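Visitor: I would like to learn how to read the packing and the cysteines of a protein model from its coordinates. Could you take me through one case?

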Amino acid sequence: MKWQIIVVGKPSLPWARQGMEDYAGRLRHKASVEIVHLREGPPAQVAQKALEASEGAWRIVLDERGKQMSSVALAQWIEKQEMSGRKRVCLLIGGADGHPPEVRAAANELWSLSAMTLQHELALVVLMEQIYRACSINRGEPYHRV
């Protein structure tokens, strides 16, 4: 299964860029993950670009109002998707203003990384770490400790 993370803006904070690069490197051996950075701009224009970039994929929009799950539940979700033959999953991270209603309406699923609002650079690092953790759980590797 191919993962595509569509995020508004590129990480400008050094620690966020480093975290993103670290988990991208770790994931290279576990999953196919592509990060697509969309340029910030008018919300309608950014929404259109996000929807075009995720066309034909299973869309998961990250939003504080979405469903929360544990790391183990995420690992089980991934396993189920892979077993069902799902080819491509797009995770959409909004910019400073979040996602407009049309993006949330086009989602197959809404997920939340936290009940708190996360800055989009932090959300990207957290999401990548959780994908790495879930892949490690599914491979029986010791990264995840209970």
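The dialogue below goes through the nonpolar cores, a strand pair, a helix and the cysteines.

Guide: Please keep in mind throughout that this is a predicted model.

Visitor: Which residues have the most contacts inside the largest nonpolar core?

Guide: The general idea is that in soluble globular proteins nonpolar side chains tend to be buried together. Here the largest nonpolar core has 25 residues, and those with the most contacts inside it are Trp-3, Ile-5, Trp-77, Leu-91, Ile-93 and Ile-131. At least two residues of this core come from each of strand 1 (2-8), helix 1 (14-27), strand 3 (58-67), helix 3 (71-84), strand 4 (88-93) and helix 5 (120-138), and the largest share, 8 residues, is that of helix 5. Apart from this core lies another one of 12 residues, including Val-36, Ala-47, Ala-50 and Ala-57.

Visitor: With which residues is Ile-5 in contact, leaving aside its neighbours within four places in sequence?

Guide: With that exclusion, the contacts of Ile-5 include Val-33, Ile-35 and Val-36, then Leu-91 and Ile-93, and also Leu-124, Leu-127, Met-128 and Ile-131. Glu-34 is in contact with Ile-5 as well.

Visitor: How many bridges join strand 1 to strand 2?

Guide: Strand 1 and strand 2 (residues 32-38) run parallel and are joined by 7 bridges; one pairing to look up is that of Ile-6, whose bridge partner in strand 2 is Val-36. Between these strands the chain passes through helix 1, and the resulting β-α-β crossover is right-handed.

Visitor: Which residues of helix 2 are buried?

Guide: As a general guide, an α-helix has 3.6 residues a turn, so residues three or four places apart point the same way. In helix 2 (residues 43-53) the buried residues are Val-46, Ala-47, Ala-50 and Leu-51. They lie on the same side of helix 2 because they cover an arc of only 135 degrees around the axis. These buried residues pack against strand 1, strand 2, strand 3, strand 4 and helix 4 (101-105), whereas the face turned away from the buried side carries the exposed residues Ala-44 and Glu-52.

Visitor: Why is there no bond between the sulfur of Cys-90 and the closest cysteine sulfur?

Guide: In general, a disulfide is a covalent bond between the sulfur atoms of two cysteines. The closest cysteine sulfur to that of Cys-90 is in Cys-135, and because the distance is 16 Å, it is too far for a bond. The structure accordingly holds 0 disulfides.

Visitor: Is Cys-90 buried or exposed?

Guide: Cys-90 counts as buried, at 0% relative accessibility, and Cys-135, at 8%, counts as buried too.

Technical notes
Residues numbered from 1 in each chain as written. Predicted model: local features only at pLDDT ≥ 70, side-chain atom pairs only at ≥ 80, totals over all residues. Heavy atoms only, no water. Core = buried A, V, L, I, M, F, W, Y, C linked by side-chain atoms within 4.5 Å. Buried < 20%, exposed > 50% of the residue type's maximum accessible area, 1.4 Å probe, protein only. Helix = DSSP H or I, 4+ residues; strand = E, 2+ residues; numbered from the N terminus. Contact = heavy atoms within 4.5 Å. Pairing = 2+ DSSP bridges. Right-handed = clockwise from strand over helix to strand, strands pointing away. Arc of directions from axis to C-beta. Disulfide = S-S within 2.5 Å.
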